[in-house]
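Colleague: Could you pick a single part of this model and give me a close look at it? I'd like to hear how that part sits among its surroundings.

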Amino acid sequence: MHLATLRDMPATETQILQNAFQEFSRASDSIINYYAVLENQIRELKKEVEEKNRELTRAGEYLYNLLNSLPVGVVVTNTADVLFANKAAQKLGSTEFLSRLNNGGRKSGELKNGTGYYRWKRENLESGFESKEVIVLEDVTEVERMKERVERDDRLMAMGEMAARIAHEIKNPLGSMELFLSMLLDGKLKAKEKEYANYILFGVKTVDRIINNILTYTKPKTLALCEGTLSRVVRDTVDFMKVSAETRGITLRLNADFEGPCYFDPDLMKLVLMNFISNAIEAISRPEGVIVIDVKEERERAVITITDNGTGMSEEVQKNIFNPFFTTKDKGVGLGLFIVYNIIKAHGGYVEVESAEGSGTSFSLYIPKDEA
Ligand SMILES: Nc1ncnc2c1ncn2[C@@H]1O[C@H](COP(=O)(O)OP(=O)(O)OP(=O)(O)O)[C@@H](O)[C@H]1O
Ligand SMILES: [Mg+2]
C-alpha cells in the first residue's frame with residue numbers, strides 16, 4: 001500500500017492496519033524461530049540417522065566377519081539359488097554341494113566328495129526371510145577317517161588272526177610234504193617222474209613262502225626299531241627301484257623335506273616302500289608314468305606319500321585293498337598291502353589312501369617320529 005494512501009485513511013483504520021502489520025511481523029518472527037528449531041531438529045535427526053547407518057554397517061561387517069571366521073560352512077539359499085556362502089562354505093564348493101542337498105527335502109544328512117566327509121543341517125529362515133533357508137555344513141573328514149581306520153583295524157585284525165591260524169595249520173603238513181618230496185627226489189626216479197616231483201616241490205615251496213609271509217608280517221613281533229634318517233632309507237629304496245621303473249619308461253621322483261630323525265625298522269621300511277613302488281609301477285600303463293615320493297613331517301609324525309598317475313581304483317577296490325589275498329591282478333597274490341599295513345601298524349602308524357579312477361593313486365604313511 002502506498003504511503004499516500006495510508007495518509008489519506010482515517011485514524012482508526014490506520015491503527016487497525018498497523019496492528020495487523022505488527023501481528024504479521026510477530027507471526028513471521030515466530031515462524032522463523034520455529035523454522036530454526038525445525039532446522040536444528042532435522043540436523044540432529046540427520047546426525048542420528050547417519051550414526052545409525054554407521055552402526056548398521058558396522059553390525060553388517062561384524063556379522064559378515066563372524067560368519068567368515070566360523071569353522072563351519074554357512075549357506076543361505078532360496079531353494080533355487082545360493083544367496084550367501086561364507087568362506088568355509090565356498091571352500092567346500094557350496095554350489096556343487098547345494099545341488100546335492102536340494103534333493104529329497106531332507107533336513108539333515110551326510111555327504112562325501114573326493115576330498116572329505118561333511119555333515120549338514122538345514123533350517124528355514126523366519127521373520128522377514130520367509131522362503132529362504134540356512135544350511136550349515138561341517139567338515140567331519142578327520143573324524144570319519146579315524147572311524148574308518150578303527151573299523152579297518154578291527155576287520156584286518158580279525159582277518160589277520162584267521163589267516164595266521166590257517167597258515168599255522170598248513171605249515172606242519174607242508175613241512176612233511178617237502179621232506180617226503182626231497183626223499184623221493186633223492187631216490188631212483190624216471191626222468192618224467194623227477195620232473196613232476198620237482199613241479200610239486202616248486203608248488204610246495206611257493207605255498208610255504210606265502211605262509212611264512214603271513215606268519216612273519218601279521219604280527220611283526222621282531223621289529224628292530226632304531227633311530228635313523230627316514231629320508232635316507234627312502235632315497236636308497238628309490239635309487240634301487242629306479243632301474244626297473246625306468247625300463248618301463250616310468251620316472252621316480254623324490255622330494256625329501258624332512259631329514260630329521262625317526263624311529264623305524266630300516267629293513268621292514270624298505271620292504272614297505274618296495275611294495276608301494278611296485279604297486280605304483282604295476283598300475284601305470286600310460287607312456288608318461290610318474291611316481292612321486294614325498295617325505296615330510298606333520299607334527300609328531302613323519303609322512304611318506306607315494307603318488308602315481310596310474311589307473312587309480314574304484315571305491316569298491318579301495319575298500320578291500322588291505323585285505324589278505326585281495327588282488328585284481330592275474331599274477332597277484334594280494335598280500336603286499338596286507339603285509340605293509342601290518343608293518344606300519346606295528347610302528348604305531350597308519351596308512352591313508354586317496355584314489356580316483358583314471359587319474360591315479362596316493363598312499364600316505366604316517367609314522368610316529370618317536371618310539372611308539
Ligand atoms: N598304486 C595302485 N594303483 C592302483 N591300484 C592299486 C595300487 N596299489 C594297490 N592297488 C590295488 O590293490 C590290490 C592289492 O594290492 P597288493 O599289493 O596287496 O596285492 P597285489 O599287488 O595284487 O599282489 P602282491 O601280493 O603280489 O603284491 C592290487 O591288486 C590293486 O588292485
Ligand atoms: Mg602288490
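Modeller: Let's start with helix α10, whose buried residues are Gly 336, Leu 337, Phe 338, Ile 339, Val 340, Tyr 341, Asn 342, Ile 343 and Ile 344. Buried here is a neighbour count: 20 or more other C-beta atoms within 10 Å of a residue's own, with 12 or fewer making it exposed, anything in between partly exposed, and the C-beta atoms placed from the backbone. That leaves α10 mostly covered, at 9 buried residues out of 11. For the chain as a whole, buried residues come to 21% of the 372.

Some ground rules before going on. This is a predicted model, with local features needing pLDDT of at least 70 and side-chain atom pairs counting only at pLDDT 80 or more, while totals for chains, interfaces and linings use all residues. Residues are numbered from 1 along each chain as its sequence is written, and chains are lettered from A and ligands numbered from 1 in the order in which they are written. Helices (H or I, at least four residues) and strands (E, at least two) are DSSP runs numbered from the N terminus.

Now, what covers α10? Its buried residues pack against α5 (141-186), α6 (191-218), α8, β11 and β12, with contact taken as C-beta atoms, placed from the backbone, within 7 Å. Just past the helix, Gly 348 takes a positive phi of about 80 degrees.

The same helix turns up around ligand 1. Of the 22 residues there, Ala 283, Thr 327, Gly 332, Gly 336 and Leu 337 come nearest; to be near, a residue needs its C-beta atom, placed from the backbone, within 6 Å. The elements giving two or more residues to that shell are α8 (266-283) and α10 (336-346), and α8 has the largest share, with 4 residues. By class, the shell splits into 10 nonpolar, 10 polar and 2 charged residues, where Ala, Val, Leu, Ile, Met, Phe, Trp, Tyr, Cys and Pro count as nonpolar, Asp, Glu, Lys and Arg as charged, and the others, Gly among them, as polar.

Following β11 and β12 takes us into the sheet. It is open, has 5 strands in the order β7-β9-β10-β12-β11, and its pairing is mixed; two strands pair if DSSP finds at least two bridges between them. At the edges, pairing on one side only, are β7 (250-256) and β11 (350-356). From one strand to the next the twist averages 15 degrees, with axes fitted to C-alpha atoms (for helices, over the stretch in contact) and angles running from 0 to 180 degrees between N-to-C directions.

Strand by strand, then. β11 runs antiparallel to β12, joined by 7 bridges, and Val 351 has Leu 365 in β12 as its bridge partner. Their hairpin has 3 residues between the strands, and Gly 358 in it takes a positive phi near 90 degrees. β12 (360-368) is also joined to β10 (301-308) by 8 bridges, again antiparallel; there Val 303 stands opposite Tyr 366, and Asp 308 opposite Thr 361.

β10 has two clearly separate faces: Ala 302, Ile 304, Ile 306 and Asp 308 point one way and are buried, whereas Arg 301, Val 303, Thr 305 and Thr 307 point the other way and are not. β9 pairs antiparallel with β10 over 8 bridges, Val 292 being the partner of Thr 307 in β10. That hairpin has 2 residues between its strands, and Arg 299 takes a positive phi near 50 degrees.

Across β7, β9 (289-298) and β10 lies helix α7 (230-246), at about 170 degrees to β7. Thr 237 lies in α7, and it counts as buried because it has 22 C-beta neighbours inside 10 Å. Outside its neighbours within four places in sequence, Thr 237 is in contact with Lys 270, Leu 273 and Met 274. The C-alpha atoms of Thr 237 and Met 269 are 9.3 Å apart, though 32 residues separate them along the chain.

Notes: Two residues are in contact if their C-beta atoms, placed from the backbone, lie within 7 Å.
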